[in-house]
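Here are some exercises to work through with the model open beside you. Try each task before you read its solution.

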Amino acid sequence: MSETIQAEERIDTAAPATVRTVPLSRGLSTKLLLLTIVFVLLAEVLIFLPWIASYRLNWLKERLSTAAAVSIVLVQGESTSLSRTAQNDVLMAIGAKAIAVRDGGVSRLLVVAEMPPKVDEHVDIASIGMIKGMTGALDTLFFGGNRMLRVFGPVGDSDKEFELIMPDNSLRNAMLRYSRNVAFVSLLISLFTAMLVYAAIDLIMIGPIRTMTRSMLSFSEAPDDPGRIIHPAARADEIGVAERELSQMQERLQKMLSEQKHLADLGLAVSKINHDMRNILASAQLMSDRLRQVKDPTVQAFAPKLLRALDRAVSYSEGVLAYGRTQEPPPSRRRLRLRQLVEDVHGLLDIEQGIEFVNAIEPSFEVDADSDQLFRVLTNLCRNSVQAMASDNESALVRRLAVSAVRLGSVSRIAVTDTGPGLPPKARENLFAAFRGSARSGGTGLGLAIAHELIRAHGGTVELVESIGGRTTFAVSIPDQPVRLDQARSNGLRRPA
């Protein structure tokens, strides 16, 4: 026994508790802030590619322009006029190994410090496009630093083409510094933009959603408290619609829970007094039976009315108890001869003199339903019709209750029609609602509620076809059971040839 208790305690300890609050790290606000930063950084990366390509191209153009200016001075004079020290200073200033000029298809080497053994990449300034510039910039940024470049192209309006041979380590270092500065500025822009976007969306969306979430959690703790209902803001957007719908839903739910509580209290109260009520009614019935033996004409006139009143009281109490019991069992469906079932219903009804009962069911008409449950449904509908017509005391009125049926494909449709006064508007609005759909004073409205529940278990419907003065028709539609393929095959195999 102790081992069982310890096992249960371990299970309870391991069971996860329901999370009713969201940590800040997993909240919508944190996710929104991080996503905004990531998206802005992604946009900066996409913008950075043409930027770094443009920076590389401009850097090379500046070096080539400087080499062009030196080349023009040397072309006008004698290249040997510059000493080796001066030539090295010129090349060192622009970070080059050699400077050359091409004029009329003839290339002339003007200044040279030392000729590299090979050139790794040839860069034509005039033919660099966007895609080629971005790929070249990324190549230099990630894989450069120890390459020798030959940069050539025209400068300005000159018809000469200038060439520059230089290592790319200075270019790569400059590009790295530029990338670092851009990354720092991009991060600042991302953070600033993210804060602005976060503040705006938090004010417009996240804040109201958080309010609705708190309202739902608070309402779930005490749904019977009117103060827990959310007060919607006067907004015309989707958030305003959601708040108003949530407020209306909470109001409807609170009203429904209040009604359910009243019904539960009523069922509990009736169950407690049921035993004493039956004893009191049984005593009253015995006394009424003795009153019928009295020869007084006045007593003889009132005794049947008293008995009927007591029977109605017993029926009312039993109906309330029956509705308060557990859910009805699933229907046990069989093929029934509907005409015979309607005759059984007729025999149970207490039909007064002057009310005509018409059984218009064909003798061969069959219905696929639970016998007991369909009997209860038809009894409730027919009893309601009899009670409605019993209130009409004028002898010239036609008081007729007719039950008919037709088959529409695989659906059996049963009609219960009476010539009573019709249903009042209040009964139509709450037709199948218990304790609210009664058409007469003192009624419970349980008959239609029970009939609706039983027919719905059959997969069918109960509906009011029409209700006017002199004609009220209820229709009960019950579909046949679907045939299972394996069952049909087995029945076919067992069927004699």
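**Exercise 1. Classify E114 by its accessibility and place it in the chain.**

Solution. Start with the value: E114 has a relative accessible area of 48%, so E114 is partly exposed. The cut-offs are under 20% relative accessible area for buried and over 50% for exposed, with partly exposed in between (1.4 Å probe, protein chains only). Next, find its place: E114 sits in the loop between strand 2 (106-112) and strand 3 (121-124). Helices (H or I, at least four residues) and strands (E, at least two) are DSSP runs, numbered from the N terminus. Finally, look across the chain: E114 and A98 are 16 residues apart in sequence, and their C-alpha atoms are 7.2 Å apart in space.

Before going on, a word on the ground rules. This is a predicted model, in which local features need pLDDT of at least 70 and side-chain atom pairs count only at pLDDT 80 or more, while totals for chains, interfaces and linings use all residues. Residues are numbered from 1 along each chain as its sequence is written, and side-chain values use heavy atoms, with hydrogens and water left out.

**Exercise 2. Summarise the protein as a whole.**

Solution. First, the elements: the protein has twelve helices and twelve strands. Second, burial: 32% of the 497 residues count as buried. Third, the surface: the accessible area is about 31000 Å², and 59% of this belongs to carbon and sulfur atoms. Such areas come from the Shrake-Rupley method with a 1.4 Å probe; for residues, only the protein chains shown count as cover. Fourth, the contacts (heavy atoms within 4.5 Å): among those between residues at least 6 apart in sequence, 67% join residues at least 24 apart.

**Exercise 3. Describe how helix 4 and helix 5 pack.**

Solution. Two packed helices are described by the angle between their axes and the distance between the axes. Here helix 4 (residues 130-143) and helix 5 (residues 169-221) meet at an angle of about 100 degrees, and their axes are 9 Å apart. Helix 4 is therefore roughly perpendicular to helix 5. That class covers 65 to 115 degrees; angles under 35 count as roughly parallel, over 145 as roughly antiparallel and the rest as oblique. The axes are lines fitted to C-alpha atoms, for helices over the stretch in contact, and angles run from 0 to 180 degrees between N-to-C directions.

Now list the partners: A137, T140, L141 and F142 of helix 4 meet L171, R172, M175, L176 and S179 of helix 5. By class, this contact has six nonpolar, two polar and one charged residues. Ala, Val, Leu, Ile, Met, Phe, Trp, Tyr, Cys and Pro count as nonpolar, Asp, Glu, Lys and Arg as charged, and the others, Gly among them, as polar.

**Exercise 4. Is M175 buried or exposed, and which residues does M175 contact?**

Solution. M175 is found in helix 5. Its relative accessibility is 0%, so M175 counts as buried. Leaving aside neighbours within four places in sequence, M175 is in contact with I52, Y55, R56, A137, T140 and L141.

**Exercise 5. Where is G95, and what does G95 touch?**

Solution. G95 lies in the loop between helix 3 (84-94) and strand 1 (98-103). With a relative accessible area of 27%, G95 is partly exposed. Not counting residues up to four places away in sequence, G95 touches M166 and P167. G95 and I165 are 70 residues apart in sequence but 9.1 Å apart in space, C-alpha to C-alpha.
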